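Colleague: Could you take me through one part of this model in some detail? I would like the neighbours and the geometry, with cut-offs spelled out as you go.

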Amino acid sequence: MATVKVRPEDVISVFPVEESKIYIREETGFYQKWRRYLNILLISVFILLPFVQYGGEQAILFDVGQQTFTFFAYVLYPQDLMIFALVFILAAFALFLVTRHYGRVWCGFTCPQTIWTLGFNWVERRIEGNHNQSRQLDSQAFNVKKATIKTAKHSVWIAISMLTATAFMSYFYPAITLYQELFTFSAPALITGWTLFFAGCTYINAGWIREKMCLHICPYSRFQAAMFDKNTSLVTYDSERGESRGPRKRNAERHGKGDCVDCKLCVQVCPAGIDIREGLQYACINCGLCVDACNKVMDKFNYKPNLIGFTRAGKDSGRHVTNWLYGVAIVVIVSAMFSWAYNRSDIEASIVRDRNILYRENNAGHIENSYTLALLNKSRLTKVFELSIANSDSMTLSLTDPIIVLPGEKRMVTFSVEALIAPSKMQSEVEFAIRDKARDQTIIRPTLFFSSESLLKSKS
Ligand code: SF4
Ligand code: SF4
């Protein structure tokens with residue numbers, strides 16, 4: 001295949017050849033086969049993941065009410081926002097790296113918009129027939145047959161949308177309960193409402209908006225050209241070989257024509273509705289459907305394959321500064337994630353002084369200060385804590401019983417500290433030791449102990 005020069009400035013903004021509804025011709029070639037396997041795997045993971053159990057509970061769950069995200073042994077709280085930021089940054093860099101090498105393969109092979117659009121198209125082809133029959137049906141006036149076919153198609157689309165929305169909601173509401181409640185119409189109104197909302201979004205997106213989401217709404221399609229360079233693998237038409245295009249019979253003379261027989265199959269299978277022979281276009285999602293369609297034509301005419309193919313304009317030496325920068329960024333982010341996981345404590349503890357009263361004198365004439373201990377148990381186990389004073393033997397605590405904190409519970413305990421010997425300073429530091437009995441792990445929290453000025457004067 002002759003070299004095709006690809007420069008970011010070559011990615012032109014050509015709008016699809018057909019602005020109205022695109023009737024996607026079904027394709028079954030090499031790339032479509034692999035996309036189908038990949039999509040079945042991804043959809044299965046999406047639906048089944050919420051049913052995975054860990055320690056008798058759902059392994060992955062965003063609990064919006066409790067503001068927690070459970071991920072196997074970890075229960076993350078808003079205080080753990082750092083890890084979410086790292087995950088998003090890592091995903092962004094991974095996407096940049098993949099896009100730089102393989103173009104918009106995310107869009108073409110794994111983006112939910114593409115997966116659901118092609119899934120809905122598959123249903124449409126099964127019920128309405130091929131793309132031409134579908135077009136004919138739409139051009140017909142209303143009749144019973146048309147109404148029956150359309151009702152059947154939209155019923156299946158709605159059923160898929162409901163399943164999609166239920167699967168999505170099961171990341172936010174216990175999966176088994178959700179499916180039971182929805183199927184028995186006993187789900188809370190809020191849950192039913194959100195499920196219907198997401199079902200509506202799926203139905204409108206995959207059934208009606210389709211490629212317009214990628215063309216006019218998704219920001220990624222707008223800036224992806226900035227990530228391309230001459231080593232990016234992009235779907236391109238080899239115009240040197242293909243032109244001048246023109247129809248002909250199989251095994252007939254070419255009469256000076258190129259390999260393109262102008263069958264337009266590459267246009268008919270394109271979910272973005274573009275003609276890749278017009279040059280690179282920002283709407284192209286690198287899905288490879290036109291490659292499959294054209295290769296079949298090339299095969300029938302006994303021409304070499306890949307008149308349309310995944311092409312790099314240059315030879316990738318792999319030694320580009322950008323690659324190294326992306327690689328270093330990814331290694332740094334992954335290291336930060338491991339470090340965060342290693343150092344993360346499953347206890348949040350703080351001690352706050354009673355701000356209303358600095359101190360008080362008890363019946364024995366000793367100074368007392370009051371405090372509130374806040375303990376958050378971020379683990380999935382009940383924890384028992386002991387509180388003590390780490391830096392003084394002359395102070396006693398009013399709280400001696402162990403403190404029991406249930407999984408996910410934030411426990412507030414008020415207690416006082418009594419100075420058995422009058423402190424020598426108006427303010428002295430007191431260190432509290434909070435010991436997790438099961439793990440024999442101790443957290444030290446320092447704060448202040450206030451004394452009485454008159455008591456200090458009388459001592460002096
Ligand atoms: S031009 Fe080809 S690769 Fe690009 S979106 Fe259309 S079918 Fe997919
Ligand atoms: S499928 Fe191939 S031969 Fe047919 S029009 Fe497209 S580029 Fe030309």
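Modeller: Happy to; here is a close look at helix α4, followed by some other parts of the chain.

This is a predicted model, in which local features need pLDDT of at least 70, side-chain atom pairs count only at pLDDT 80 or more, and totals for chains, interfaces and linings use all residues. Residues are numbered from 1 along each chain as its sequence is written, while chains are lettered from A and ligands numbered from 1 in the order in which they are written.

Helix α4 covers residues 112–128; helices (H or I, at least four residues) and strands (E, at least two) are DSSP runs, numbered from the N terminus. The 17 residues of α4 should span 24 Å at 1.5 Å a residue, and the end C-alpha atoms are 23 Å apart, which agrees. That expected span is 1.5 Å times one less than the number of residues. Just after α4, Gly129 has a positive phi of about 95 degrees.

Which residues of α4 are buried? They are Thr114, Ile115, Trp116, Thr117, Leu118, Phe120, Asn121, Glu124 and Glu128. Buried means that 20 or more other C-beta atoms lie within 10 Å of the residue's own, exposed means 12 or fewer, and partly exposed is in between, with C-beta atoms placed from the backbone. The cover over these buried residues includes α1 (30–48), α3 (105–110), α5 (131–139), α6 (144–169) and α8.

One of those partners, α8 (residues 189–209), has an axis that comes within 8 Å of the α4 axis and crosses it at roughly 70 degrees. That makes the two helices, α4 and α8, roughly perpendicular. Axes here are lines fitted to C-alpha atoms, for helices over the stretch in contact, and angles run from 0 to 180 degrees between N-to-C directions. Angles under 35 degrees count as roughly parallel, over 145 as roughly antiparallel, 65 to 115 as roughly perpendicular and the rest as oblique. On the α4 side, Gln113, Trp116, Thr117, Gly119 and Phe120 meet Thr202, Asn205, Ala206 and Gly207 of α8; contact requires C-beta atoms, placed from the backbone, within 7 Å. By class, this contact of α4 with α8 has three nonpolar, six polar and no charged residues. Ala, Val, Leu, Ile, Met, Phe, Trp, Tyr, Cys and Pro count as nonpolar, Asp, Glu, Lys and Arg as charged, and the others, Gly among them, as polar.

Another helix pair is α1 with α13 (289–300). Their axes are 7 Å apart at an angle of about 140 degrees, and α1 and α13 are therefore oblique to each other. Phe30, Tyr31 and Gln32 of α1 meet Leu289, Val291 and Asp292 of α13.

Helix α13 also gives the largest share of the shell around ligand 2, three residues. That shell has 15 residues, the closest being Cys260, Cys263, Leu265, Cys266 and Cys294; a residue counts as near if its C-beta atom, placed from the backbone, lies within 6 Å. The shell around ligand 2 holds 10 nonpolar, one polar and four charged residues. Around ligand 1 there are 13 residues, with Cys270, Ile276, Cys284, Cys287 and Cys290 the closest, and the classes are 11 nonpolar, two polar and no charged.

Finally, Tyr23 sits in the segment before α1 and counts as buried, with 20 C-beta neighbours inside 10 Å. Leaving aside neighbours within four places in sequence, Tyr23 is in contact with His131, Ser134 and Arg135.

Key: Contact = placed C-beta atoms within 7 Å.
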